[in-house]
Amino acid sequence: MVTTQDITFNVIAGNLLKTAADALVVGVGKGADGPVLLDSPLPADAVASLAASLEGLGVTGAADQVVRVPGLAETGAKVLVLAGVGKLGNGEITEEALRRAAGSAVRQLAGLAHVVMALPTTSVAQIAAIAEGAALGAYQFDSLHSSKDGRKAPVATVTIHTSLSKAPELATALERASVVAAAVNATRTLVNEPPSRLYPATFADAARDLAKGLPVKVTVLDEKRLEKEGYGGIMGVGQGSARPPRLVKVEYAPAKALVSLAFVGKGITFDSGGISIKPGAGMITMKCDMAGAAAVLNAVLAVARLGLPVKVTGWLCIAENMPSGTAIRPSDVLTMFGGKTVEVLNTDAEGRLVMADGLAAASLEQPDAILDVATLTGAQVLALGHRTAAVMGDEGVSAAIKAAADRAGELIWPMPLPEELRPSLDSTVADMANIGERMGGMMTAAVFLQEFVGAGKDGATIPWAHLDIAGPAFNESGAYGYTPKQGTGYAVRTLIAYVEDVVSRAA
Ligand code: BES
Ligand code: MN
Ligand code: ZN
């Protein structure tokens, strides 16, 4: 049995009659000639009659479809649920299809307490994907409703039915699934918190709280220290707000570390645009502008919880971007950490200003690689839509990120860093301007960030990749699969998978 913050997993094999539950979930795939009932522990006559009624029930096998029918006498579950896993390919059902089906079912079955999952499994990885999906699908952000009336409580217990219940690696795999899902869910909650509650000081407090009990050192640089140590980007962006900025350093440094990594996250707790103010509609989702920092924080904590032999340092660059009499103006010049000067031509291009300080500070420690995660540009959403992030930078690191994301079940696509964009960032009065070529603006922003990545131990530029997660960090439309509305927790799973891959390559 493994328990996360709000879900308990059991694993069983054999007779379904013995398990009393509110619902039993079996899978249906979308085959070439209609719906296909997937392998399940249901008795043969029940399978035959169900298979014959699928079309009549309107069951298609499409992803996210959840159809409830009365429970069968042969099982201890009150309701039988036919959950779609989507199009069937030639081979096995993918881990991601199982993760989504389990997540979608658990999400849509909110209000029931105990659900048995009898999706087909032939590997421990598939069981773990089902557990991860279920824990992600059970997520709810409900701390701000004044009453529970009319709201359905999340599923509390999930029993996974599988013939592999005695596999020796199962306990570790379920523990990992539970740690990963809890990290994603904690990220969602930080993003969902309104900016009246989550602002730089309280975000830093949350980092300290979440790290409690883990072998992780959290250092918070307040505005006095940021000023004294020359963090001009973070201070500049934060100076228009009544709530001063923070830089939070989260270090996990196990003695057995094989490699050292730095993660840098954009933590704008609200992006109004500043003096270059956003139109009203464009501001509505801007509490999500700290999603990169939230993902970095929870990924580092998850790596620590999993005890992976890698040193990981998270740098959370936190500020609130507000217009006011003390705010930066277009044409102000900031001196960034490390001494480079930047002319601010648009105060809404604030993410790159705080990230520049974070990248420069992270570089001083000469890690083996730097990853940064930021809801950096609207152009990212224009280029790749709402569900796919972009990765830019060192080709090797980008390819490793793409591979990690594929394994984790997150969508990401590599984009170039065209050299010719650099002159568009030239400034007449300073080393650089904070805006440049508008076409391909996602890449212009990345070219800006690249200037702040320093040299490593060998004198060469530290291998670096930039993840622009402006699209997938926040779900403005309806819930799907294991993804809720609002904060998605995007990038946490990719970062953890990347660290695991680094470990297997180094070992
Ligand atoms: N936080 C925004 C980017 C964003 C947009 C994130 C939509 C999520 C969804 C960022 O700070 C921003 O405002 N970028 C500007 C840059 C421009 C002024 C060069 C943009 O993309 O419009
Ligand atoms: Mn902005
Ligand atoms: Zn922003």
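**Ligand 1 and three residues of a predicted model**

Q: What makes the approach of D271 to ligand 1 a polar contact?
A: A polar side-chain atom of D271 lies 2.9 Å from an oxygen atom of ligand 1. A polar contact is a pair of N or O atoms within 3.5 Å, where a pair within protein must also have one atom able to donate a hydrogen and the other able to accept it, and residues adjacent in sequence count only if both atoms are side-chain atoms; the distance for D271 therefore meets the definition. The protein buries 76% of the 520 Å² that ligand 1 exposes when taken alone, areas that come from the Shrake-Rupley method with a 1.4 Å probe.

Q: On what basis do these statements rest?
A: This is a predicted model, in which local features need pLDDT of at least 70 and side-chain atom pairs count only at pLDDT 80 or more, while totals for chains, interfaces and linings use all residues. Residues are numbered from 1 along each chain as its sequence is written, chains are lettered from A and ligands numbered from 1 in the order in which they are written, and side-chain values use heavy atoms, with hydrogens and water left out.

Q: Which atoms of E350 and G378 approach ligand 1?
A: For E350, an N or O atom of the side chain is 2.9 Å from an oxygen atom of ligand 1, whereas for G378 a polar backbone atom is 2.7 Å from an oxygen atom of the ligand.

Q: How is the shell around ligand 1 divided by class?
A: Four residues are nonpolar, four polar and seven charged, where Ala, Val, Leu, Ile, Met, Phe, Trp, Tyr, Cys and Pro count as nonpolar, Asp, Glu, Lys and Arg as charged, and the others, Gly among them, as polar.

Q: Why is T375 called buried or exposed?
A: T375 has a relative accessibility of 5%, and buried means under 20% relative accessible area, exposed over 50% and partly exposed in between, with a 1.4 Å probe and protein chains only, so T375 counts as buried. The side chain of T375, which lies in the loop between β15 (369-374) and α11 (378-384), is joined to that of D289 by a polar contact of 2.4 Å.

Q: What makes the phi of Q366 and of Q486 worth noting?
A: Most residues other than glycine have a negative phi. Q366, in the loop between α10 (351-364) and β15, has a positive phi of about 50°, and Q486, in strand β21 (residues 486-487), has a positive phi near 70°.

Q: Why is Q366, like Q486, placed in its accessibility class?
A: Q366 has 27% relative accessibility and so counts as partly exposed, and Q486, at 30%, also counts as partly exposed.

Note on methods. Helix = DSSP H or I, 4+ residues; strand = E, 2+ residues; numbered from the N terminus.
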